[in-house]
Amino acid sequence: MKAGGHGIGGVERRGLMFVLSSPSGAGKTTLSRLLIERMPGLKMSVSATTRPVRPGEIDGRDYYFIDNEKFEQMVKGSELLEWATVFERRYGTPRAPVEAALSAGQDVLFDIDWQGTQQLREKARADVVSVFILPPSAADLEKRLHSRAQDSDEVIRTRMSRASHELSHWAEYDYIVINHDIDQAFAEVQSILKAERLKRERRTGLTTFVRELQRQLEK
Ligand code: 5GP
């Protein structure tokens with residue numbers, strides 16, 4: 001995937017695609033929000049979905065809420081970088097904003113499921129860093145789904161029964177974080193991003209930087 005560079009310590013670097021997945025209710029939305037607030041240079045990818053808007057959600061901030069017809073049009077026009085059907089609704093990542101952010105040297109954060117993560121990996125393996133968030137227990141997951149009070153009991157039951165299927169994909173991810181405590185989980189996710197930003201192969205400006213160091217040393 002094409003990407004420009006922005007620096008760490010004055011060295012140019014390629015943007016990365018930072019993916020968080022988990023069964024719903026494991027704390028991924030909170031972690032995403034904290035990352036965006038506290039990690040400069042990271043931009044959230046806002047997905048398009050055909051599911052109804054939940055109380056408190058805002059069109060264009062949480063999702064682009066669109067109908068099936070518009071979604072189909074986006075698929076046909078290759079406007080989605082990846083897409084999948086989750087809970088009988090369709091979700092997809094608009095391609096243009098991601099490409100624009102990466103080209104501007106920013107990292108992009110994705111809150112997508114395992115199907116979308118597989119598609120991103122196929123398209124841009126070297127630029128994808130994936131993290132799977134696990135709840136500490138099934139009881140904890142159910143409690144969080146109830147406490148956010150956004151879904152009906154029936155929807156919560158469906159989400160619980162789908163959680164086990166979601167979980168079965170944990171081993172496809174680069175990193176696993178168990179969310180016992182949100183502050184600890186955030187610290188772990190933040191460490192992953194910080195370390196991945198420092199990876200040699202992402203730091204496209206290193207050759208020039210080291211050459212310049214050598215030139216100075218050999219003077
Ligand atoms: P929710 O309806 O709770 O917001 O999201 C349900 C699931 O859809 C979550 O696991 C979320 O990560 C996933 N999801 C959200 N947006 C996308 C997307 O653009 N692509 C894919 N593949 N999954 C998504």
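In the predicted model, an oxygen atom of the ligand lies 2.9 Å from an N or O atom in the side chain of Arg54. A second arginine, Arg51, places a polar side-chain atom 2.6 Å from an oxygen atom of the ligand. For Asp111, the separation between an N or O atom of the side chain and an oxygen atom of the ligand is 2.7 Å. The protein buries 95% of the 500 Å² that the ligand exposes when taken alone.

The ligand occupies the space of the largest pocket. Two elements each give two or more residues to the shell around the ligand, namely strand 5 (80–86) and strand 6 (89–94). The shell holds 18 residues, of which Ser47, Arg51, Tyr63, Tyr91 and Asp111 come nearest to the ligand. By residue class, the shell consists of seven charged, six nonpolar and five polar residues.

Two residues other than glycine were found with positive phi values: Ser78, at about 55°, and Phe87, near 50°. Ser78 belongs to the loop that runs between helix 2 (68–76) and strand 5. The relative accessibility of Ser78 is 45%, which lies between the limits of 20% for buried and 50% for exposed residues, so Ser78 counts as partly exposed. Phe87 is located in the loop between strand 5 and strand 6, the two strands that also contribute to the shell around the ligand.

Definitions and conventions
Residues are numbered from 1 along each chain as its sequence is written. This is a predicted model: local features need pLDDT of at least 70, side-chain atom pairs count only at pLDDT 80 or more; totals for chains, interfaces and linings use all residues. Side-chain values use heavy atoms; hydrogens and water are left out. A residue is near a molecule or strand if one of its heavy atoms lies within 4 Å of it. A polar contact is a pair of N or O atoms within 3.5 Å; within protein, one must be able to donate a hydrogen and the other to accept it, and residues adjacent in sequence count only if both atoms are side-chain atoms. Accessible areas come from the Shrake-Rupley method with a 1.4 Å probe; for residues, only the protein chains shown count as cover. On a 1 Å grid over the protein atoms alone, a cavity is a set of points where a 1.4 Å probe fits but cannot get out, and a pocket is an open set with protein on both sides within 12 Å along at least five of seven lines; lining residues have an atom within 4 Å of a point. A molecule sits in a cavity or pocket if more than half of its atoms lie within 2 Å of its grid points. Helices (H or I, at least four residues) and strands (E, at least two) are DSSP runs, numbered from the N terminus. Ala, Val, Leu, Ile, Met, Phe, Trp, Tyr, Cys and Pro count as nonpolar, Asp, Glu, Lys and Arg as charged, and the others, Gly among them, as polar. Buried means under 20% relative accessible area, exposed over 50%, partly exposed in between (1.4 Å probe, protein chains only).
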